[in-house]
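Colleague: Hi! Could you walk me through this one? I'd like to start with the rings and then look at the charges.

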Amino acid sequence: MDEKKRKSFFSRFLKRYIIVVYNQGNFKERISISLTPINLLLLLSSLVLFSFACGAFLIAFTPIKEAIPGFGNSYMSSSKVLHLQNRVDSFERVVSDYNTYFDSLKKVLKGDTSKTSLRNNDNSGSLFHYASYSPTPAHTVPERSGWHQPTSTSPGTAITHQLYNSPTLQLFPPVEGYISQHFDAGEDHNAMDIITAPNAPVKAVDNGTVIYSEWSAQTGNNIIIQHPNNLVSVYKHNSVLLKKVGTFVSRGDVIALVGNSGEFTTGPHLHFELWIDGSPTDPEEFISF
């Protein structure tokens, strides 16, 4: 009896069944598949094994394994984390340097005589990239330590200096006019005031990049240019600013018009400052007005 039941049980797996697919509209036969339970079981087993093989392949040979606990390569993960940490540290240093740089620019704008830090040690990665700078020396100057003395001081012309080991430097007069107040560090006047006609053109003293071009309540329309050799020139009380931040200007380019803007002004004039390595410098050492 038991043997008959056993044969009946196994015979069910050998029976052939037909799976037919009909068209619902006209009841025409579309697909007809003849299967036994054993065939169906083998087909399902094959699909399961194929899916398992595909999953194993993806885990073994693709980055997916990094997301699965226990399958990732701990050495590779640590190296990636270290690499990302180094990049974050580098970005923090860059941000810190530029924060210091812009704080220094604010001091320059306010005329703060405390030591500022306008030097950028990495010119290749500088925020303000100079196009090409190859000044043409007007005169040959004998070598001495520090700044070289001018060889020509005719009015209205640039004076040739050399900044330590830098190329010969020429500065162009920003405006033509009468100096009403000279540079006087002892009196905390770190600039020179030049009286000239209203709306007279204000010119860049050297090649450089505009790093500030805005209005302030005290000094009106201001524009600041950073030049090579850690040189920064500042022009205040303008009536109109003609250059935007990030613009590269050449020596002698018109960057603004003389005005009478700001609370600290006493009439149409140019308030001109020159900063070298973060320290205010007398512009008359480099420019003959």
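Colleague: How many aromatic pairs does the structure hold?

Modeller: Two aromatic pairs. Keep in mind as we go that this is a predicted model.

Colleague: How far apart are the ring centres of Phe 57 and Phe 61?

Modeller: Their centres are 5.1 Å apart. The planes of the two rings meet at 40°, so this pair counts as tilted.

Colleague: And where do Phe 57 and Phe 61 sit along the chain?

Modeller: Both belong to helix H2, which covers residues 37–61. Phe 57 and Phe 61 are four residues apart there, and that separates them by about one helical turn.

Colleague: Is Phe 61 buried or exposed?

Modeller: Phe 61 counts as exposed, because its relative accessibility is 63% and the cut-off for exposed is over 50%.

Colleague: Got it. What about the pair of Tyr 235 and Phe 272: what are the distance and the angle?

Modeller: Tyr 235 and Phe 272 are 5.3 Å apart from centre to centre, with 50° between the planes. That pair is tilted as well.

Colleague: Which strands do Tyr 235 and Phe 272 come from?

Modeller: Tyr 235 is in strand E10 (residues 231–241), and Phe 272 is in strand E13 (residues 269–276). They are 37 residues apart, so the pair links distant parts of the chain.

Colleague: Are those two buried or exposed?

Modeller: Tyr 235 is buried, at 0% relative accessible area. Phe 272 counts as buried too, with a relative accessibility of 0%.

Colleague: Okay, on to charges! How many salt bridges does a search of the whole structure find?

Modeller: Just one. Lys 236 and Glu 273 form a salt bridge through their side chains, at 3.0 Å from N to O.

Colleague: Which parts of the chain does that pair tie together?

Modeller: Strand E10 holds Lys 236 and strand E13 holds Glu 273, so the pair ties together parts that are 37 residues apart in sequence. Lys 236 is buried at 3% relative accessibility, and Glu 273 is also buried, at 3%.

Colleague: Now for Asp 282. How far away is the nearest side chain of opposite charge?

Modeller: That side chain is Lys 236, and it is 15 Å away. Asp 282 is buried yet has no salt bridge, because a salt bridge needs the nitrogen and oxygen to be within 4 Å.

Colleague: So what does the side chain of Asp 282 reach?

Modeller: It reaches the backbone nitrogen of Glu 284, at 3.1 Å. Along the chain, Asp 282 lies in the segment that follows strand E14 (279–281).

Terms used
Residues numbered from 1 in each chain as written. Predicted model: local features only at pLDDT ≥ 70, side-chain atom pairs only at ≥ 80, totals over all residues. Heavy atoms only, no water. Helix = DSSP H or I, 4+ residues; strand = E, 2+ residues; numbered from the N terminus. Buried < 20%, exposed > 50% of the residue type's maximum accessible area, 1.4 Å probe, protein only. Lys, Arg positive; Asp, Glu negative; His and termini not counted. Polar contact = N/O pair within 3.5 Å; in protein donor to acceptor, adjacent residues only side chain to side chain. Phe/Tyr/Trp six-rings, centres within 6.5 Å; stacked < 30°, edge-to-face > 60°.
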